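I am opening a fresh page for this chain and noting what I look up, entry by entry. I begin with the aromatic side chains, then turn to a helix, a single residue and the chain as a whole.

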Amino acid sequence: MRNERLSFSPLEDGIRGGFPLVASLLLLVAAIAAGIGIYAWQKHARRLHWGEVASAYARVTNSSERLALIERHRNMPQSALWLLQTASAQFQEGAYGAATKSFRLFVEYYPKHPLRPAALLGTAVGSEAEGKREEAARSYRTVIDEQSTDPYRLIAEINLARLDIEQKQYAPAKALLDSIRRRRPVNRFEGEVQDLQDRLPP
């Protein structure tokens, strides 16, 4: 009986013990393959969905429907650009209140987007067009305080200096214009900066 018990070699025992490991590896490979398949399908489905949304956006002609579509799909990267386009179109049509609201939505929905300074400038210009100078000044200051890159910061500084001059607040206007001069040449905005400096009292 003892000899019969020793009839299995250690190699055979190793193979027998390896069966659960082999089965586990096969299951793991199958799971990975299934995962890759699911990911590929999801990516394909996202592409199809994106194409459908883009087609729907192209068919829409009025701002309210566009904004509703953007709201539904605002997690799509293209929606950020659509929102800016819609806000700009509203501004060009003279719908300043609606444009300002759309620019503010952009700032709210996409706080870390690289075009946030552009939306803040849009908010400021829209507020100014509505006659809301204090709101405009706040938005210009936000662009400046966030150290936005030029030309956003430069435009905000020029417009805020102009507002200050119109309110006869010459000291802050002069500080802004001097800051522009110190930082770098203003190139194409040289004329605007010089004009504002000429409006300062001696």
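**Aromatic rings.** I looked up the aromatic side chains and found that Phe 106, Tyr 109 and Tyr 110 form one aromatic cluster, in a model that is predicted. The structure holds 3 aromatic pairs. For the pair Tyr 109 and Tyr 110, I noted ring centres 6.1 Å apart and planes at 90°, and because planes over 60 degrees apart count as edge-to-face, I entered the pair under that heading. I then asked myself whether Tyr 109 and Tyr 110 are buried or exposed. Tyr 109 has a relative accessible area of 18%, and since buried means under 20%, I count Tyr 109 as buried. Tyr 110, at 12% relative accessibility, is likewise buried.

**Helix H6.** I next went to helix H6, which runs over residues 116-129 and has 14 residues. From its first C-alpha to its last H6 reaches 20 Å, which is close to the 20 Å expected at 1.5 Å a residue. How many of the residues of H6 are buried? I found 11 of its 14, so that H6 is mostly covered; the buried ones include Arg 116, Pro 117, Glu 128 and the run from Ala 119 through Leu 120, Leu 121, Gly 122 and Thr 123 to Ala 124. As to what covers them, I recorded that the buried residues of H6 pack against helix H4 (77-92), helix H5 (96-109), helix H7 (133-145) and H8. After H6 comes Gly 131, for which I noted a positive phi, near 85°.

**Asp 164.** Since H8 had come up among the partners of H6, I looked up a residue within it: Asp 164 lies in helix H8, residues 152-166. At 5% relative accessibility Asp 164 counts as buried, because the cut-off for that word is 20%. Which residues does Asp 164 contact, once its neighbours within four places in sequence are left aside? I listed Gln 169, Pro 172, Ala 173 and Leu 176. For Leu 176, which is 12 residues from Asp 164 along the chain, I noted a C-alpha separation of 9.8 Å.

**Whole chain.** I closed with the totals, and found 10 helices and 0 strands in the chain. Of its 202 residues, 32% count as buried. The accessible surface of the chain comes to about 13,000 Å², and 59% of that belongs to carbon and sulfur atoms. Among contacts between residues at least 6 apart in sequence, I noted that 45% join residues at least 24 apart.

Technical notes. Residues numbered from 1 in each chain as written. Predicted model: local features only at pLDDT ≥ 70, side-chain atom pairs only at ≥ 80, totals over all residues. Heavy atoms only, no water. Helix = DSSP H or I, 4+ residues; strand = E, 2+ residues; numbered from the N terminus. Buried < 20%, exposed > 50% of the residue type's maximum accessible area, 1.4 Å probe, protein only. Contact = heavy atoms within 4.5 Å. Areas by Shrake-Rupley, 256 points an atom, 1.4 Å probe, with all protein chains shown as cover. Expected span 1.5 Å × (residues − 1). Phe/Tyr/Trp six-rings, centres within 6.5 Å; stacked < 30°, edge-to-face > 60°.
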